[in-house]
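Reader: I've just opened this one and could use a guided tour. Can we go through it question by question?

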Amino acid sequence: MNPRFLVPLGLFVVLVVVLAVGINHSREVGVLQSPLVGRQIPDWNLPTLTDPGKTLGSQALKGQWYVLNVWGTWCYACRAEHSALLRAQRDGRVQIIGIDWKDADSDALDWLSKLGNPYSQVVTDHEGRTAIDLGIAAAPESFLVNPEGVIVYKQPGVITPEDWQREFLSRLPPQSSVPTAIPGAS
Amino acid sequence: MSRLAVRSNTVWLACVMLLILSPVRMVWAVDPATMSDPALQARYEVLIHELRCVQCEDNSLADSDAWIATDLRRQIRDMLSAGKSDEDIKGYLVSRYSEFILFRPAYSWRNAWLWGLPLFLLILGVVIAVRIIHQRAMLVDNDDDVDVLNS
């Protein structure tokens, strides 16, 4: 048999190996890897949900660890994430700041009073401009920000209790104690 | 086949090829927003066709009515109105959403294999084709069946 007939077969095997390695090594298929991780979080400053006259932003949070969680009452996956956030808040290792994205304030307040409030503060992004500046594609998405204001981790999608342990708590310094009550938090 | 038929076939084929190859703008685009300056509008149209909707990943910004696509289009209009260049706008969106947002990947060393591979395969294909044609031509030269050649 002419060995040249084996060439297409050989090429096919090479293709299969390349694709298999590529698929196995892709972190998570279809997930956008944020270019913001490892960089300073883009400056944000938004009105708080409970008092729209006041604002909270990245400058005010300098010097503290925080998790920035983008959510909305229209977002089904956020409901799935909510209990994990409540548990995380009860642990008290790090404060969670919520950005209520493209939502009605009344709906957000209603949601928090019915389902519980895992956030030390909630700010509102009605127009979605800050969300774009943070590279948000779909809710929920969460950032872990260190005291220098650098994003050390971004979670696209729902945080499970396992994610919280593995991706968030593991990155905090040991014994990180956090003010659990910020003045003005609901 | 008559010469006329051949010609009309050629014209027909040319029309089809033109239609396939021309940058046809989708007539069912969902974006009703227009910019007052026609020059900006033209740049806006090009940009929203070149950028991906980050949520519905196979659509361009021009074709998606997802919230995030609507907001990204507004962002692009705002930046155009503020006098930003196309490169500024793409650079900003890449810095936030990664290069994934570009339908046309950048010419960079990291993407060299992406741009180079098709060219390499094309050259490889031509080389193989030329070799095969060459071998076939050699066969005809040595063919004893003169009747077939002369028919």
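Author: Sure, and we can start where the chains meet. Keep in mind that this is a predicted model. Between chain A and chain B, the number of residue pairs in polar contact, both at pLDDT 80 or more, is six.

Reader: Which element gives the largest share of the side of chain A that touches chain B?

Author: Look at residues 129-133 of chain A. They contribute four residues to the side that touches chain B. That largest share comes from helix 4 of chain A.

Reader: By class, what is on the side of chain A that touches chain B?

Author: There's a mix of classes on that side of chain A. Four residues are charged and five are polar. The nonpolar residues there number eleven.

Reader: How many residues of chain B are in contact with chain A?

Author: Take each side in turn. Chain A brings 20 residues to the contact. On the side of chain B, the number is 17.

Reader: What is the area buried between chain A and chain B?

Author: People often give the size of an interface as the accessible area lost when the parts come together. Here, carbon and sulfur atoms give 54% of that buried area. The total between chain A and chain B is about 1,600 Å².

Reader: What does Asp133(A) meet in a salt bridge?

Author: Side chains of opposite charge can pair when their charged atoms come close. Between chain A and chain B, the count of salt bridges is three. In one of them, Asp133(A) is 3.0 Å, N to O, from its partner in chain B. That partner is Arg96(B).

Reader: How many salt bridges are there over all chains?

Author: The salt bridges between chain A and chain B count as three. Over all chains, the structure holds 13.

Reader: What separates Asp163(A) and Arg166(A) along their helix?

Author: Their side chains meet in a salt bridge, 3.0 Å from N to O. Both sit in helix 5 (residues 161-168) of chain A. Because they are three residues apart in that helix, the separation is about one helical turn.

Reader: Is Arg166(A) buried or partly exposed?

Author: Its partner Asp163(A) has 11% relative accessibility, so Asp163(A) counts as buried. Buried means under 20%. Arg166(A) comes in at 48% relative accessibility, so it counts as partly exposed.

Reader: What is the relative accessible area of Glu167(A)?

Author: Glu167(A) also forms a salt bridge with Arg166(A), with the closest N and O atoms 3.4 Å apart. Glu167(A) is buried. Its relative accessible area is 17%.

Reader: How close do the side chains of Asp71(B) and Arg74(B) come in their salt bridge?

Author: These two are in helix 3 (residues 67-81) of chain B, and being three residues apart there puts about one helical turn between them. Asp71(B) is buried at 4% relative accessibility, and Arg74(B) is buried at 16%. From N to O, their salt bridge spans 4.0 Å.

Reader: What pattern does chain B follow along the sequence?

Author: Chain B has zero strands. Its helices number six. Read along the sequence, that gives α-α-α-α-α-α.

Reader: What share of the residues of chain B count as buried?

Author: The accessible surface of chain B comes to about 10,900 Å², and 65% of it belongs to carbon and sulfur atoms. The chain has 151 residues. Of these, the share that count as buried is 26%.

Reader: Where is the peptide bond that is cis?

Author: Most residues other than glycine have a negative phi, and most peptide bonds are trans. For the cis bond, go to the loop between helix 4 and strand 6 (141-145) of chain A, where Pro140(A) has its place. Omega is near -5° for the bond from Ala139(A) to Pro140(A).

Reader: What is phi of Lys102(A) near?

Author: Lys102(A) lies in the loop between strand 4 (95-101) and helix 3 (105-115) of chain A. At 18% relative accessibility, Lys102(A) counts as buried. Its phi is positive, near 50°.

Reader: And what is phi of Ser98(B) near?

Author: Ser98(B) is in the loop between helix 4 (86-97) and helix 5 (112-141) of chain B. With a relative accessible area of 14%, Ser98(B) is buried. Its phi, also a positive value, is near 75°.

Definitions and conventions
Residues are numbered from 1 along each chain as its sequence is written. Chains are lettered from A and ligands numbered from 1 in the order in which they are written. This is a predicted model: local features need pLDDT of at least 70, side-chain atom pairs count only at pLDDT 80 or more; totals for chains, interfaces and linings use all residues. Side-chain values use heavy atoms; hydrogens and water are left out. Contact means heavy atoms within 4.5 Å. Buried area is the accessible area (1.4 Å probe) that two parts lose on being put together, summed over both. A polar contact is a pair of N or O atoms within 3.5 Å; within protein, one must be able to donate a hydrogen and the other to accept it, and residues adjacent in sequence count only if both atoms are side-chain atoms. Ala, Val, Leu, Ile, Met, Phe, Trp, Tyr, Cys and Pro count as nonpolar, Asp, Glu, Lys and Arg as charged, and the others, Gly among them, as polar. Buried means under 20% relative accessible area, exposed over 50%, partly exposed in between (1.4 Å probe, protein chains only). Accessible areas come from the Shrake-Rupley method with a 1.4 Å probe; for residues, only the protein chains shown count as cover.
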